[in-house]
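Trainee: I have a new model open. Can you show me how to read its features, one at a time?
Mentor: Gladly. Bring up the sequence and the structure.

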Amino acid sequence: MDPDEKDETYSDFYDCVNMQPKELEEWLETEESRSVGDSDSGESTGHKSGRRIVEIKRTSKDDLTDSQYEHMRKVVGYVHRHLSQRPDGDVKDTDWRYSLMNWGHDPVKDD
């Protein structure tokens, strides 16, 4: 990934991920967080992603690895796809919101 792509990915990631590391860590400890998503090994893909997002957000930009940038791109793609599927009505207590929160985005903050 060239420097311009990294800058764009970094910017897009921080636009999408609107939860702070501590806030996301606390969310990942809840039953609601663990109740959503696909899971092969007991932990959902989104839950694993959330833990990785915390790590990325606590890493300085200069120290981010190519692997972390790839994950940031994956997060951006997921959040954009999932937001386009917003259900009607109040989303506060929905699996849709919980899944997005596992990926570091709380859609209620946008309301």
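**Reading helices, core and salt bridges**

Mentor: Start with a helix. The buried residues of α2 are Pro 21, Leu 24, Trp 27 and Leu 28. Seen down the axis of α2, these residues fall within an arc of 125°, so they line one face of the helix. Keep in mind that this is a predicted model.

Trainee: Why do residues spaced like that point the same way?

Mentor: An α-helix has 3.6 residues a turn, so residues three or four places apart point the same way. Now see what lies over the buried residues of α2: the cover includes α3, α4 and α6.

Trainee: How many residues of α6 are buried?

Mentor: Seven of the eight residues in α6 (residues 95–102) are buried, so this helix is mostly covered. They are Trp 96, Arg 97, Tyr 98, Ser 99, Leu 100, Met 101 and Asn 102. Note that the list includes Arg 97 and Asn 102.

Trainee: Which elements do the buried residues of α6 pack against?

Mentor: They pack against α2 (21–28), α3 (31–34), α4 and α5. Look also at the backbone just after α6. There Gly 104 takes a positive phi of about 90°.

Trainee: Let me take one residue of α6. Is Asn 102 buried or exposed?

Mentor: Asn 102 is buried, with a relative accessible area of 1%. Next, list its partners, leaving out residues up to four places away in sequence. Asn 102 touches Leu 24, Trp 27, Leu 28, Ser 33, Val 36, Ser 44, Gly 46, His 47, Ser 49, Gly 50 and Ile 53. Sequence distance and spatial distance are separate readings. Asn 102 and Glu 23 are 79 residues apart in sequence and 11 Å apart in space, C-alpha to C-alpha.

Trainee: His 47 is on that list. What does the side chain of His 47 make a polar contact with?

Mentor: The partner is the side chain of Glu 43, at 2.7 Å. His 47 lies in helix α4. At 10% relative accessibility, His 47 counts as buried. Beyond its neighbours within four places in sequence, His 47 is in contact with Leu 28, Ser 33, Arg 34 and Asn 102.

Trainee: Now the core. What is the general idea?

Mentor: In soluble globular proteins, nonpolar side chains tend to be buried together. Here the largest nonpolar core has 24 residues. Those touching the most other members are Phe 13, Leu 24, Trp 27, Ile 53, Met 72, Val 75 and Val 79.

Trainee: Which elements give two or more residues to this core?

Mentor: They are α1 (3–16), α2, α4, α5 and α6. α5 gives the most, with six residues. Take Ile 53 as a close-up. Not counting residues up to four places away in sequence, Ile 53 touches Phe 13, Val 17, Leu 24, His 71, Val 75, Asn 102, Trp 103 and Gly 104.

Trainee: On to charges. How many salt bridges are there?

Mentor: The count comes to ten salt bridges, taking a side-chain nitrogen of Lys or Arg within 4 Å of a carboxyl oxygen of Asp or Glu. In one of them, the side chains of Lys 6 and Asp 66 meet at 3.2 Å, N to O. Lys 6 lies in helix α1 and Asp 66 in helix α5, so the pair ties together parts that are 60 residues apart in sequence. Lys 6 counts as partly exposed at 22% relative accessibility. Asp 66 is partly exposed too, at 48%.

Trainee: You named Glu 43 earlier, as the polar partner of His 47. Which residue forms a salt bridge with Glu 43?

Mentor: Arg 51 does, with the closest N and O atoms 2.7 Å apart. Check each end separately. Glu 43 counts as buried at 18% relative accessibility, whereas Arg 51 is partly exposed at 45%.

Trainee: And what about a salt bridge inside one helix?

Mentor: Look at Arg 73 and Glu 70, whose side chains meet in a salt bridge at 4.0 Å, N to O. Being three residues apart in helix α5, Arg 73 and Glu 70 are separated by about one helical turn. Arg 73 is partly exposed at 38% relative accessibility, and Glu 70 is partly exposed at 44%.

Trainee: Which residues are linked with this pair in a network of salt bridges?

Mentor: Glu 5 joins Glu 70 and Arg 73 in that network.

Trainee: One last stop, a loop. Where does Ser 60 lie?

Mentor: Ser 60 lies in the loop between α4 (45–57) and α5 (66–83). At 38% relative accessibility, Ser 60 counts as partly exposed. Ser 60 and Asp 2 are 58 residues apart in sequence and 18 Å apart in space, C-alpha to C-alpha.

Methods: Residues are numbered from 1 along each chain as its sequence is written. This is a predicted model: local features need pLDDT of at least 70, side-chain atom pairs count only at pLDDT 80 or more; totals for chains, interfaces and linings use all residues. Side-chain values use heavy atoms; hydrogens and water are left out. Helices (H or I, at least four residues) and strands (E, at least two) are DSSP runs, numbered from the N terminus. Buried means under 20% relative accessible area, exposed over 50%, partly exposed in between (1.4 Å probe, protein chains only). Contact means heavy atoms within 4.5 Å. The arc is that of the directions from the helix axis to the C-beta atoms. A polar contact is a pair of N or O atoms within 3.5 Å; within protein, one must be able to donate a hydrogen and the other to accept it, and residues adjacent in sequence count only if both atoms are side-chain atoms. A nonpolar core is a set of buried Ala, Val, Leu, Ile, Met, Phe, Trp, Tyr and Cys residues joined through side-chain atoms within 4.5 Å.
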